[in-house]
Amino acid sequence: MELVEQRINDRRMLKVIRKWLKAGVMKDDKFFETDIGSPQGGVISPFIGNIYLHYLDMIWEKQFTELGTLVRYADDLVILCHKKEHALKAIEVLKAVFGKLELKMNAQKSKLVNLWMKEKNQGFDFLGYHHRRLPAYRKGGKKAWILRSFPSKKVMKKMRSKVKEVTAPRKKLTRTLNELVEELNPKIQGWRNYYAKADKGSANGFLRKIDWYICKRLVIFWNNKHKRRKTWHFDFYSTLKRIGLKSATLQAST
């Protein structure tokens with residue numbers, strides 16, 4: 001609340017936020033009071049967490065920029081360092097600041113990665129992307145290692161689950177193919193807007209797999225709906241494009 005009061009002096013707004021922090025949580029249909037922090041999953045929790053960790057941003061900018069660049073989004077963060085000793089020092093700084101804020105670093109989700117060690121081929125996930133240095137061949141056959149960004153394994157699995165939620169339930173068999181396409185299109189557009197534009201060359205290869213999976217699930221839906229064991233003679237993919245199915249990749253037309 002001290003951090004909030006640095007920017008807001010409206011007593012009514014401060015009262016609402018204070019009540020939100022003390023609202024308690026429901027777990028297994030039981031009410032539990034909260035005496036510290038913000039309940040995970042609460043609608044205001046990301047906002048409150050962002051304000052709380054702004055303190056980390058200020059401390060870093062004032063005292064520790066020589067260690068590396070801090071990139072933070074809500075409660076996810078990455079520190080990009082040039083040297084291993086800087087990275088190790090950065091971890092100690094984080095622990096100290098978190099300790100002052102009465103927070104703990106998630107040891108399972110946190111790790112030290114060396115992107116420059118080609119033989120280990122290490123990478124990291126951040127904001128739905130996996131970032132890794134991969135080989136690329138320049139003109140003349142010269143090999144270079146560049147940083148690539150593409151959807152993480154967790155995100156790819158979540159995408160496929162979303163598609164299956166739309167196409168797999170038996171109750172959906174009463175719907176038409178056009179209706180399923182209309183339901184899928186906003187999801188496909190969202191994935192393309194976020195993932196395909198950041199690193200088109202790398203991400204499109206992964207998003208093509210999602211396009212293939214969508215087509216596969218719609219084939220299964222059509223066969224189940226019409227009680228067919230096999231696909232039919234006409235080009236099903238062309239039919240899907242004709243009725244307006246979008247593509248997750250930037251290269252294909254919509």
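Let's start with disulfides: this predicted model holds zero of them. Two cysteines are still worth finding in the structure. Cys-81 is partly exposed, because its relative accessible area of 22% falls between the 20% that marks the upper limit for buried and the 50% above which a residue is exposed. Cys-215 has a relative accessibility of 14%, and that is under the 20% cut-off, so Cys-215 counts as buried.

Now zoom out to the whole chain. What does the secondary structure of the protein come to? Count along and you get eight helices and seven strands. Together with the rest of the chain, they don't make a neat ball: the radius of gyration is 24 Å, well over the 18 Å that the globule rule gives for 254 residues, so the protein is more spread out than a compact globule. If you put a box around the C-alpha atoms along the principal axes, the box is roughly 65 × 60 × 30 Å.

How are the contacts spread along the chain? Take the contacts in the protein with a separation of 6 or more: residues 24 or more positions apart account for 46% of them.

What about inside and outside? Of the 254 residues in the protein, 33% are buried. The accessible surface comes to about 17,900 Å², and carbon and sulfur atoms hold 53% of that area.

Last stop, the charges. The protein has 55 positive and 24 negative charges. Take the mean position of each set, and you'll find the two points 10 Å apart.

How values were computed. Residues are numbered from 1 along each chain as its sequence is written. This is a predicted model: local features need pLDDT of at least 70, side-chain atom pairs count only at pLDDT 80 or more; totals for chains, interfaces and linings use all residues. Side-chain values use heavy atoms; hydrogens and water are left out. A disulfide is a pair of cysteine sulfur atoms within 2.5 Å. Buried means under 20% relative accessible area, exposed over 50%, partly exposed in between (1.4 Å probe, protein chains only). Helices (H or I, at least four residues) and strands (E, at least two) are DSSP runs, numbered from the N terminus. The radius of gyration is taken over C-alpha atoms; the globule rule is 2.2 Å times the number of residues to the power 0.38. Contact means heavy atoms within 4.5 Å. Accessible areas come from the Shrake-Rupley method with a 1.4 Å probe; for residues, only the protein chains shown count as cover. Lys and Arg count as positive and Asp and Glu as negative; His and the chain ends are not counted. The place of a charge is taken as NZ of Lys, CZ of Arg, CG of Asp or CD of Glu.
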